Amino acid sequence: MKGYGMFNVGNHGWLEKEKPTAGPLDAILRPIAVAPCSSDTHVMHGGAGPKENRILGHEAVAQVVEVGNLVRKFKAGDTVVVPCCTPDWDEVSLQKKGSNNAHDSELMKSFKLVSSMDGVFAEYFKINHADANLVLLPEGVSVDAALMSVDMMSTGFYGVEMADVQFGDTVVVFGIGPVGLMAVAGARLRGAGRIIAIGTRPNCVELAKEYGATDIVSYKEGDIVEQILAMEGKVDCVIIAGGNAGSMNQALSITKPNGTIANVNFYDATESFQIPVLLWGLGMSDIKIRGGFCPGGAYRIEKMLSLIKNDRVHPEKLLNYKFEGFDKIKDAFILMDEKPRDLIKPVVHINWD
Ligand SMILES: [Zn+2]
């Protein structure tokens with residue numbers, strides 16, 4: 001079978017691979033919609049992850065082709081939403097606290113697509129622990145909206161959960177790419193008062209306002225810390241969904257004592273934080289700094305889909321470049337890599353008939 005991925009660092013194209021086979025708990029799926037992500041291009045350029053011969057892609061809605069003999073909830077022909085994180089739910093260290101990072105210190109263990117197995121840009125792909133990870137596409141939820149729930153919405157909302165946004169809180173969101181935009185939408189759903197989004201790209205600014213941003217701050221109009229302190233003073237919560245390691249000091253500069261900084265940005269391994277202790281209140285500020293990525297599995301995605309089905313959020317608005325056909329995965333991936341200024345998120349629809 002064919003799949004789009006990396007031959008080695010920096011080189012991408014169509015790979016030929018054996019069709020995956022299902023173990024007792026697995027499902028074999030065919031994608032009907034996929035969305036390339038900056039994490040895919042990051043891996044291809046040699047960021048954290050595999051270095052060769054890997055099919056990329058971790059955001060998909062798919063059709064079930066085959067299930068293992070212990071899978072109870074799904075059968076061939078079902079249309080399913082595939083979380084980007086698929087924990088091995090029988091692994092005890094993943095049950096201990098959160099499902100993402102194994103407690104025998106294996107970082108991001110549940111992010112298996114791309115990281116430890118072939119991804120979704122393939123004619124067929126495998127999902128482990130199908131019953132605990134997959135969700136039937138609910139009636140009344142579009143494929144596009146479901147596709148945006150598996151990573152963009154789940155990750156953006158996790159930023160809001162980590163930031164512990166409360167009614168009336170003032171929240172700053174760094175970065176209004178697709179994850180930051182979902183963090184804005186999530187902050188509004190959690191009852192934030194003022195939501196200040198930091199970004200410049202016109203279509204993202206427009207969507208940020210639609211999702212609930214009350215104010216937009218642009219670095220083009222001066223130092224963002226000074227702008228925020230002038231308009232609001234310090235804030236309750238900061239969600240970092242873009243920028244670089246330097247964003248942490250900006251976040252600390254605008255966070256109230258007892259406030260929370262939640263990071264969902266994936267840093268480059270070569271970066272480092274250099275935090276003047278005064279920014280963290282000499283260690284006495286009670287400012288919490290958290291970082292993580294979206295929880296995986298069916299339960300999580302069911303919650304995201306419930307918000308969509310009940311008209312609370314419309315993540316499909318992120319998809320502003322649309323492609324038709326399996327072969328177009330290549331074009332969509334290259335687009336993601338080149339990131340034109342107006343790109344928010346691309347989608348490829350695939351009809352196998
Ligand atoms: Zn992604």
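H58 is tucked away: with 1% relative accessibility, the residue counts as buried. This is a predicted model, and H58 makes a good way in, since its NE2 atom is one of the protein donors of the zinc ion. From there, the briefing moves on to salt bridges, the nonpolar core and a few spots on the surface.

**Zinc site**

- Four residues supply the protein donors: C37 through SG, H58 through NE2, E59 through OE and D151 through OD, and these sit 1.9 to 2.3 Å from the zinc ion.
- Angles between the four donor atoms run from 96 to 133°, so the arrangement comes out as tetrahedral; the cut-off asks for all angles to lie between 85 and 135 degrees.
- For reference, the ideal angle for four tetrahedral donors is 109.5 degrees.
- Read along the sequence, the donor residues follow the spacing C-x20-H-E-x91-D.
- H58 and D151 bring distant parts of the chain together: H58 is in the loop between β4 (52-55) and β5 (60-67), D151 is in helix α4 (residues 143-163), and 93 residues separate them.
- D151 is buried too, at a relative accessible area of 7%.

**Salt bridges**

- The model has 15 salt bridges in total.
- Zinc donor E59 also takes part in one of these pairs, meeting the side chain of K345 at 3.1 Å, N to O.
- That pair ties together parts 286 residues apart in sequence, because E59 lies in the loop between β4 and β5 while K345 belongs to strand β16 (residues 345-349).
- Neither end of the E59 and K345 pair is out on the surface: both are buried.
- D88 and K112 form another bridge, their closest N and O atoms being 2.8 Å apart.
- D88 comes from the loop between β6 (79-82) and α2 (92-95) and K112 from the loop between α2 and β7 (125-127), so this bridge ties together parts 24 residues apart in sequence.
- Both D88 and K112 are buried as well.
- K75 and D78 make a mixed couple, with 3.0 Å between their closest N and O atoms: K75 counts as exposed at 53% relative accessibility, whereas D78 counts as buried at 10%.
- K17, R54 and D118 go beyond a simple pair and are linked in a network of salt bridges.

**Nonpolar core**

- The largest nonpolar core holds 55 residues, and the members that touch the most others are V171, L181, M182, Y211, L305 and L318.
- Elements giving two or more residues to this core include the strands β3 (27-34), β9 (171-174), β10 (195-198) and β12 (235-240), along with the helices α4, α5 (178-189), α6 (202-211) and α9 (298-309).
- Helix α4 gives the largest share, twelve residues, and this is also the helix that carries zinc donor D151.
- As background, nonpolar side chains in soluble globular proteins tend to be buried together.

**On the surface**

- F273, I275, W280 and I289 make a nonpolar surface patch of about 350 Å².
- W280 sits in the loop between β13 (255-263) and β14 (288-291), and its 39% relative accessibility makes it partly exposed.
- T21 is in the loop between β2 (11-16) and β3 and is exposed, with a relative accessible area of 59%.
- Although T21 and E66 are 45 residues apart in sequence, their C-alpha atoms are 8.8 Å apart in space.

Key:
Residues numbered from 1 in each chain as written. Predicted model: local features only at pLDDT ≥ 70, side-chain atom pairs only at ≥ 80, totals over all residues. Heavy atoms only, no water. Patch = residues over 30% accessible without salt bridge, like charges linked within 9 Å, V, L, I, M, F, W, Y side chains within 5 Å. Areas by Shrake-Rupley, 256 points an atom, 1.4 Å probe, with all protein chains shown as cover. Salt bridge = Lys/Arg side-chain N within 4 Å of Asp/Glu carboxyl O. Helix = DSSP H or I, 4+ residues; strand = E, 2+ residues; numbered from the N terminus. Buried < 20%, exposed > 50% of the residue type's maximum accessible area, 1.4 Å probe, protein only. Donors = N, O, S within 2.8 Å, 3.2 Å for Na, K, Ca; no water. Tetrahedral: all angles 85-135°; square planar, octahedral: opposite > 155°, others 65-115°. Core = buried A, V, L, I, M, F, W, Y, C linked by side-chain atoms within 4.5 Å.
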